[in-house]
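Here are a few exercises to work through with the model open. Try each task yourself before you read the solution.

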Amino acid sequence: MNASLKPYRRLGRRALGCIGLGLALSLSAQSSFAKGLVEFSPALLNRVESKFGRGAVMRLNALKDLVDNNQTVSEMDKVKAVNDFFNQVPYYTDPVHWKMKDYWATPFEKLTTYGGDCEDYAIGKYFTLRELGVPDDRMRIMYVKALDWGEAHMVLTYFPKPRSIPLVLDNLKPQILPANQRKDLVPVYSFNADSLWLAKERGVGKRVGSSSKLGLWSDLQRRIEN
């Protein structure tokens with residue numbers, strides 16, 4: 001059963017009028033993520049509603065429904081459900097949405113403010129699939145060059161089996177395709193919670209150490225783990 005954001009789309013744009021308040025709220029709420037991605041207390045949801053409106057609460061509850069209702073489905077069904085869920089959120093660049101040059105948002109921030117750019121889609125999908133039991137070693141967030149757009153881009157890749165060709169979860173193209181069918185993407189580097197890899201053509205790449213080398217990723221994890 002796939003959770004949907006469609007009924008809530010027109011309820012959330014007021015969030016951009018209170019980004020400063022929202023950042024303070026979302027940062028103070030990150031301890032809830034340490035206890036589980038969707039464990040939102042009534043008090044927290046009340047604060048969310050007061051700052052972002054009822055639509056933000058409905059989106060967080062939709063995320064909870066997604067996680068609760070997909071625990072026992074196949075791993076591939078989990079991947080499809082999560083990809084579809086986050087791809088419904090509107091795209092906005094960081095300067096427009098966060099008033100910052102570059103900001104990596106938590107899933108909580110993406111859903112309450114109802115927007116984000118490519119890395120925020122990949123991050124939301126990654127952490128939600130972790131919550132659904134998909135192992136870290138099956139996933140990598142990948143920095144690529146999008147040839148059709150002539151610019152940097154970020155996607156989530158998922159390995160159905162170890163050493164298999166990964167599938168690409170992308171906000172630009174909703175269809176999940178094997179990486180070797182995405183000739184429009186040139187991999188640069190990839191990472192997950194523990195490791196960092198430099199791309200080696202279109203293979204799995206060469207591990208070059210810990211993903212803690214990525215400052216924005218380390219900052220994101222600190223905020224999530226509080």
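**Exercise 1.** Is Asp136 buried or exposed? Then find its salt-bridge partner.

*Solution.* A word on the ground rules first: this is a predicted model, where local features need pLDDT of at least 70 and side-chain atom pairs count only at pLDDT 80 or more, while totals for chains, interfaces and linings use all residues. Residues are numbered from 1 along each chain as its sequence is written, and side-chain values use heavy atoms, with hydrogens and water left out.

Step 1: check the accessibility. Asp136 has a relative accessible area of 18%, so it is buried (buried means under 20% relative accessible area, exposed over 50%, partly exposed in between; 1.4 Å probe, protein chains only).

Step 2: look for the partner. Asp136 pairs with Arg130 in a salt bridge, with 3.0 Å between the closest N and O atoms; the term needs a side-chain nitrogen of Lys or Arg within 4 Å of a carboxyl oxygen of Asp or Glu.

Step 3: check the partner. Arg130 is partly exposed, at 34% relative accessible area.

Step 4: count up. By this rule there are seven salt bridges.

**Exercise 2.** Work out how Lys64 and Asp68 sit relative to each other in helix α4.

*Solution.* Step 1: place them. They're four residues apart in helix α4 (residues 54-69), so about one helical turn separates them. Helices (H or I, at least four residues) and strands (E, at least two) are DSSP runs, numbered from the N terminus.

Step 2: check the contact. The Lys64 and Asp68 side chains form a salt bridge at 3.2 Å, N to O.

Step 3: check exposure. Lys64 is partly exposed at 28%, and Asp68 is partly exposed too, at 42%.

**Exercise 3.** Trace what the Arg182 and Asp170 pair ties together.

*Solution.* Step 1: get the distance. Their side chains meet in a salt bridge of 2.8 Å, N to O.

Step 2: locate the ends. Arg182 is in the loop between β4 (177-178) and β5 (185-191), and Asp170 in the loop between β3 (167-169) and β4, so the pair links parts that are twelve residues apart in sequence.

Step 3: check burial. Both Arg182 and Asp170 are buried.

Step 4: widen the view. Asp170, Lys173, Arg182 and Asp184 are linked in a network of salt bridges.
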